[in-house]
Amino acid sequence: MFEPDEVAAFAAFCKANFARIKVVCYLRPQWKVRKSLYTTSLLNGGVKECDAYQNQISGGSAYYNYHALFERWAGAFGAGNVDLRMFDVGQFPGNDLRRDFLSTLPQPVDESRLSFDVDSANESLSQLMADAFVTVNRVDPQRIDGKLNDRNILYKAALKKAESLNRGALEDTLAHVYAQVFEASNAALAKAYFARETLFTPPEPPRDRAAESITLEEVGLIVRDMVGALVETTKGRLVTKSDAAQLRQIAKKAKGGAPLDADEIDALLALANRTKG
């Protein structure tokens, strides 16, 4: 909710239906949020390089300006009912966001009645994996004529099995730019809510990627790993020329009105089951 009227309407609904209200909001550096959204965009078919993704963000952004965000929600719910917390996995109980959230509840919750089986459903992508996903999305888009393209999903699932692609942190050369864009609003929120001068630690300086080197042996390992993962995942699901010839023969027979025999039906089922994976 970005508009004050929307937040006010939601606050009115909550106040009419609940005796106690607390708004819990986790804050993460804007440049890290942007990079996280970028990796999510690649999983969903994005084709842009990281530096081209959301590269026109202004300091007045309703999504990224946390001081304005706090004022919207505090104005509707009351500052005392808004709990701002730093998104820092290393500081969470058990390094788990869910357990940190549970700690904000007015009454303790018996964690033995909850499931924490899913460790992390939103892993970030490495630089090489991001490059691979961009390529897949460009060559075989995730959506074709508005419909989900199963091949795209299959290729990316295969690439995620190539461990050697998990190399190099995803580089964001705009991190310092956005740290400066939101420096003033972050400082205002830090002073107003946390009684300190700064909200976040500045981003690390960008790496000199031109100075990085990789041996031909390492390149060979990456190629073998990537090709192996792709072939292993897709080899049992490809339709071969002989498969196509058999399909044409069965289709012509069916079109002519002749009944299919048991072998032909079994062949169709076998092909359908194979491509289903």
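**Packing of helix α8 and the nonpolar cores**

In the predicted model, the buried residues of helix α8 are S185, N186, L189 and A190. Viewed down the axis of α8, these buried residues fall within an arc of 140 degrees, so they line one face of the helix. An α-helix has 3.6 residues a turn, so residues three or four places apart point the same way. The face of α8 turned away from the buried side carries the exposed residues E183, A184, K191 and A192. Helix α8 comprises 12 residues, 183–194. The distance from its first C-alpha to its last is 15 Å, close to the 16 Å expected at 1.5 Å a residue. Just after α8, A195 adopts a positive phi of about 55 degrees.

The elements against which the buried residues of α8 pack are two strands, β1 (23–27) and β2 (82–86), and two helices, α2 (30–43) and α3 (66–77). These elements also appear in the description of the largest nonpolar core. That core has 28 residues, and those with the most contacts inside it are L27, Y66, W73, F77, V82, L84 and L189. At least two residues of the core are supplied by each of α1 (4–17), β1, α2, α3, β2, α7 (175–181) and α8. The largest share, 7 residues, comes from α3. In soluble globular proteins, nonpolar side chains tend to be buried together.

Y66 was examined further. With neighbours within four places in sequence left aside, Y66 is in contact with L27, R28, P29, Q30, V33, N186, L189, L199 and F200. Among these partners, N186 and L189 are buried residues of α8, and L27 is listed with Y66 among the core residues with the most contacts. A second, separate core contains 17 residues, including C50, Y53, L165 and L170.

Two charged residues in other helices were also considered. D243 is located in helix α10, residues 241–255. D243 counts as buried because its relative accessibility is 12%, under the 20% limit. Apart from neighbours within four places in sequence, D243 is in contact with L238, L271 and R274.

R151 belongs to helix α6, residues 150–159. With a relative accessible area of 43%, R151 is partly exposed, since this class lies between the limits of 20% and 50%. Its contacts, neighbours within four places in sequence again being left aside, are with D140 and I144. The C-alpha atoms of R151 and V136 are separated by 9.5 Å, the two residues being 15 residues apart along the chain.

Terms used: Residues are numbered from 1 along each chain as its sequence is written. This is a predicted model: local features need pLDDT of at least 70, side-chain atom pairs count only at pLDDT 80 or more; totals for chains, interfaces and linings use all residues. Side-chain values use heavy atoms; hydrogens and water are left out. Helices (H or I, at least four residues) and strands (E, at least two) are DSSP runs, numbered from the N terminus. The expected span of a helix is 1.5 Å times one less than its number of residues. Buried means under 20% relative accessible area, exposed over 50%, partly exposed in between (1.4 Å probe, protein chains only). The arc is that of the directions from the helix axis to the C-beta atoms. Contact means heavy atoms within 4.5 Å. A nonpolar core is a set of buried Ala, Val, Leu, Ile, Met, Phe, Trp, Tyr and Cys residues joined through side-chain atoms within 4.5 Å.
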